[in-house]
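My notebook is open, and a fresh chain is on the screen. I want to look up a surface spot first and then work inwards.

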Amino acid sequence: MGERAKEWLLVAGAGAAVGALSAAAFMSFLSRSKGREGYVRDLLESNGAMSGSSRSGGHLGVVGSSDLLSDEVVSEQLTRNIQFFGLDSQKKVTESYVVIIGLGGVGSHAASMLLRSGVGRLLLVDFDQVSLSSLNRHAVATRDDVGTPKAFCLKKHFSMIYPECQIEARVQLYDSSSEEEILSGQPDFVLDCIDNIDTKVALLAACTRRGLRVLSAMGAGARADPTRIRIADLRESSNDPLSRSVRYRLKKDHGIEGGVPVVFSLEKPKAKLLPFQASKEEETPSDYQIVPGFRVRIIPVLGTIPAIFGQVMASYVVTQLAKFDFQTEPIVNLDLDHYRVLHQRLLEHEELIYGTAEQVLVDAEEVMYVVKELWRGRSARDQSMKDTGRKMWRAVNELMLVRWDKSMPAGVSNLILLKFSEADAHESTTLDRIKEEEPEFHSMVLRVLKRAETEFAL
């Protein structure tokens with residue numbers, strides 16, 4: 001037999017051996033899975049998926065939330081999350097309780113990914129039903145689900161994906177009368193995926209009053225650009241009519257000016273509400289309202305955008321639940337010319353104070369990082385986010401970069417953004433004095449500058 005033939009036989013033999021081992025492993029897992037059929041059936045029944053009930057019992061099937069990750073199938077299903085977060089952080093997610101209100105294009109995708117991320121308990125709330133036109137953006141609904149309440153639809157599909165999750169589905173409109181019932185039980189997070197202003201404002205005000213963490217979705221309709229979707233405080237959202245209305249109502253009716261994180265798009269809407277068309281001449285829009293005050297005119301929707309909104313919400317919430325720290329991209333409406341001005345201002349200040357600009361170790365692009373990423377376009381002494389949009393442009397005219405520690409060069413990890421008057425005061429004091437008189441400010445600055453050290457590997 002030739003050498004070439006022997007090589008092929010060896011390769012074939014090795015392939016057969018690997019295939020046999022893979023098949024054996026698969027059959028072993030399949031055998032274990034078959035042995036769990038009764039277990040899974042019990043979980044489905046406890047979640048009401050097989051009986052069609054609207055609520056599950058007050059327990060997590062046959063496995064408690066704290067024990068879920070010790071189960072072989074659950075741990076394998078969530079193995080990528082465990083590898084990403086670590087076991088202890090994933091346990092925090094698995095033991096969490098999240099409420100999602102509004103289960104359309106945004107809410108269904110947010111709920112779906114929270115489920116797939118291993119959240120142990122979900123409350124799904126929506127008064128509406130699946131329609132044929134909603135299938136272009138819904139996470140799991142099929143034509144067979146048309147006419148089914150959205151909450152029941154999600155619960156049915158979710159129970160087949162992750163039956164260990166305790167899922168409660170409510171066909172209910174959120175309002176002041178249902179606030180206690182829906183928001184009681186100390187949820188770890190509330191997701192506002194409602195598209196009605198009155199209801200949205202009432203929910204956000206209630207969550208703020210109760211001290212509940214909430215993430216709100218602003219307008220996803222009539223947009224097409226996925227690269228413009230952001231997470232920021234409600235005060236920073238722009239180009240969004242829904243954000244503008246919610247801001248106004250929260251401040252006017254509830255005295256709430258900020259502190260509410262939102263998902264929104266920087267993109268201006270590409271389409272307008274379609275005109276109302278009645279089937280009879282005497283009919284009015286109110287004749288078509290399912291619930292008084294809810295919109296009956298249609299917003300054109302590219303289904304991918306609300307889906308991405310929902311995915312963004314789920315990612316934000318699950319990382320918060322896992323206590324996995326990351327910095328959202330600041331909404332800083334400045335262009336490169338603004339950063340060049342701030343860079344030039346730094347050079348001039350260094351020459352004035354130190355007689356030379358040789359210890360300036362940043363260029364205009366690094367100034368952009370310091371100003372935008374570290375200080376979010378605002379003075380280190382005023383991170384209140386009251387200046388946005390054009391106001392931020394004007395505010396830059398009063399800002400400058402100075403060294404935090406005057407004994408160190410002006411590098412990315414030693415620059416703070418201050419107003420002119422604040423910069424003068426900073427140059428005339430010492431870090432020891434700041435630490436003694438303003439310990440919180442001192443700690444905050446060190447924390448921010450430490451981030452620059454880490455990200456630039458200094």
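I started with F324 and asked where it sits: F324 lies in the loop between α11 (304-321) and α12 (336-354). I kept in mind that this is a predicted model.

Next I looked up how covered F324 is. Its relative accessible area is 32%, so F324 counts as partly exposed, the class between under 20% for buried and over 50% for exposed.

Then I checked for company on the surface. F324 belongs to a nonpolar patch with F84 and F326, and together the three have about 280 Å² of accessible area.

I stepped back to the whole chain. I noted 17 helices and 9 strands. The chain has 458 residues, and 45% of them count as buried. About 23300 Å² is exposed, with carbon and sulfur atoms supplying 53% of that area.

How far apart in sequence are the contact partners? Taking contacts between residues at least 6 apart, I found that 71% join residues at least 24 apart.

On to the interior. The largest nonpolar core holds 47 residues, and I100, L114, L122 and L191 touch the most other members. I was pleased to meet α11 again here: α11 gives this core its largest share, 8 residues. Another core lies apart from it, with 35 residues, including V367, W404, A423 and A452.

Last entry: which residues does L122 touch? Leaving out residues up to four places away in sequence, I listed V98, I100, A111, L114, L115, F158, C165, Q166, I167 and E168.

Notes: Residues are numbered from 1 along each chain as its sequence is written. This is a predicted model: local features need pLDDT of at least 70, side-chain atom pairs count only at pLDDT 80 or more; totals for chains, interfaces and linings use all residues. Side-chain values use heavy atoms; hydrogens and water are left out. Patches are made of residues with over 30% relative accessible area and no salt bridge: like charges are joined within 9 Å, nonpolar side chains (Val, Leu, Ile, Met, Phe, Trp, Tyr) within 5 Å. Accessible areas come from the Shrake-Rupley method with a 1.4 Å probe; for residues, only the protein chains shown count as cover. A salt bridge is a side-chain nitrogen of Lys or Arg within 4 Å of a carboxyl oxygen of Asp or Glu. Helices (H or I, at least four residues) and strands (E, at least two) are DSSP runs, numbered from the N terminus. Buried means under 20% relative accessible area, exposed over 50%, partly exposed in between (1.4 Å probe, protein chains only). Contact means heavy atoms within 4.5 Å. A nonpolar core is a set of buried Ala, Val, Leu, Ile, Met, Phe, Trp, Tyr and Cys residues joined through side-chain atoms within 4.5 Å.
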